[in-house]
Amino acid sequence: MSEDFTLEKCKMLAEKASSSADLPYACKKYPEAVKAASIKRSGTKKAAYEGMQGGLAAQAQKAKGRETHAQIQRRLTNSRRFTKSN
């Protein structure tokens with residue numbers, strides 16, 4: 001039961017495949033299909049917090065062990081905090 005893979009059919013499979021390794025061997029001869037399968041389709045990090053308020057997004061980042069933008073900014077810009085002023 002040999003199945004013919006045309007360029008159109010391989011492009012359709014490539015849109016649904018998560019990587020080029022998931023494509024059938026016959027489709028790997030079409031560079032356009034391989035390229036379409038190689039494109040990463042994950043959502044952006046910003047979309048993960050869509051609809052959340054700033055405090056909730058910060059809490060989610062804290063749960064993951066990451067600093068918030070404000071914490072990073074304070075850490076990198078407040079250099080005179082522990083120095084003795086005359």
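## Notebook: a disulfide and its surroundings

**Entry 1, the disulfide.** I began with the cysteines and found that Cys-10 and Cys-27 form a disulfide, with 2.1 Å between their sulfur atoms. The two partners come from distant parts of the chain, since Cys-10 belongs to helix H1 (residues 7–16) while Cys-27 sits in the loop between H1 and helix H2 (31–38), 17 residues apart. I note here that I am working with a predicted model. When I went through the structure for disulfides, the count was one.

Is this disulfide left-handed or right-handed? I looked up the torsion about the S-S bond of Cys-10 and Cys-27, which is about -80°, so the disulfide is left-handed. I then checked accessibility and wrote down that Cys-10 and Cys-27 are both buried.

**Entry 2, what surrounds Cys-10.** Leaving aside residues up to four places away in sequence, I listed the residues that Cys-10 touches, and these are Phe-5, Leu-23, Cys-27, Tyr-30 and Ala-33. I next asked which residues make up the largest nonpolar core. The list has seven residues, namely Cys-10, Ala-14, Ala-17, Leu-23, Cys-27, Ala-33 and Ala-37, and I see both cysteines of the disulfide among them. The elements giving two or more residues to this core are H1 and H2.

**Entry 3, Lys-9.** I moved to Lys-9, which also lies in helix H1. Its relative accessible area is 28%, and because the partly exposed class runs from 20% to 50%, I entered Lys-9 as partly exposed. Measuring from C-alpha to C-alpha in the model, I got 8.6 Å between Lys-9 and Cys-27, which are 18 residues apart in sequence. Lys-9 touches Glu-3 and Asp-4, again not counting residues up to four places away in sequence. I also noted that the charged end of Lys-9 sits over the ring of Phe-5, 5.8 Å from the centre of that ring.

**Entry 4, salt bridges.** Side chains of opposite charge can pair when their charged atoms come close. How many salt bridges does a search of the whole structure find? I counted two salt bridges.

In one of them, the side chains of Lys-11 and Glu-32 meet at 3.1 Å, N to O. This pair links distant parts of the chain, with Lys-11 in helix H1 and Glu-32 in helix H2, 21 residues apart. Lys-11 has a relative accessible area of 35% and is partly exposed, and Glu-32, at 46%, also counts as partly exposed.

The side chains of Arg-75 and Glu-67 also meet in a salt bridge, at 2.8 Å, N to O. Here I found that Arg-75 is exposed, because its relative accessible area is 51% and the exposed class begins over 50%. Glu-67, with a relative accessible area of 36%, is partly exposed.

**Entry 5, aromatic pairs.** I searched the whole structure for aromatic pairs and recorded zero.

**Entry 6, the chain as a whole.** Last, I stepped back to the overall layout, where I counted five helices and zero strands. Read from the N terminus on, the elements run α-α-α-α-α. Of the 86 residues in the chain, 13% are buried, and Cys-10 and Cys-27 belong to the buried class. Among the contacts with a separation of 6 or more, I noted that 13% are between residues 24 or more positions apart.

Conventions. Residues are numbered from 1 along each chain as its sequence is written. This is a predicted model: local features need pLDDT of at least 70, side-chain atom pairs count only at pLDDT 80 or more; totals for chains, interfaces and linings use all residues. Side-chain values use heavy atoms; hydrogens and water are left out. A disulfide is a pair of cysteine sulfur atoms within 2.5 Å. Helices (H or I, at least four residues) and strands (E, at least two) are DSSP runs, numbered from the N terminus. Buried means under 20% relative accessible area, exposed over 50%, partly exposed in between (1.4 Å probe, protein chains only). Contact means heavy atoms within 4.5 Å. A nonpolar core is a set of buried Ala, Val, Leu, Ile, Met, Phe, Trp, Tyr and Cys residues joined through side-chain atoms within 4.5 Å. Rings of Phe, Tyr and Trp (its six-membered ring) pair if their centres lie within 6.5 Å; planes under 30 degrees apart count as stacked, over 60 as edge-to-face and the rest as tilted. A charge sits over a ring if NZ of Lys or CZ of Arg is within 6 Å of the ring centre and within 35 degrees of the ring normal.
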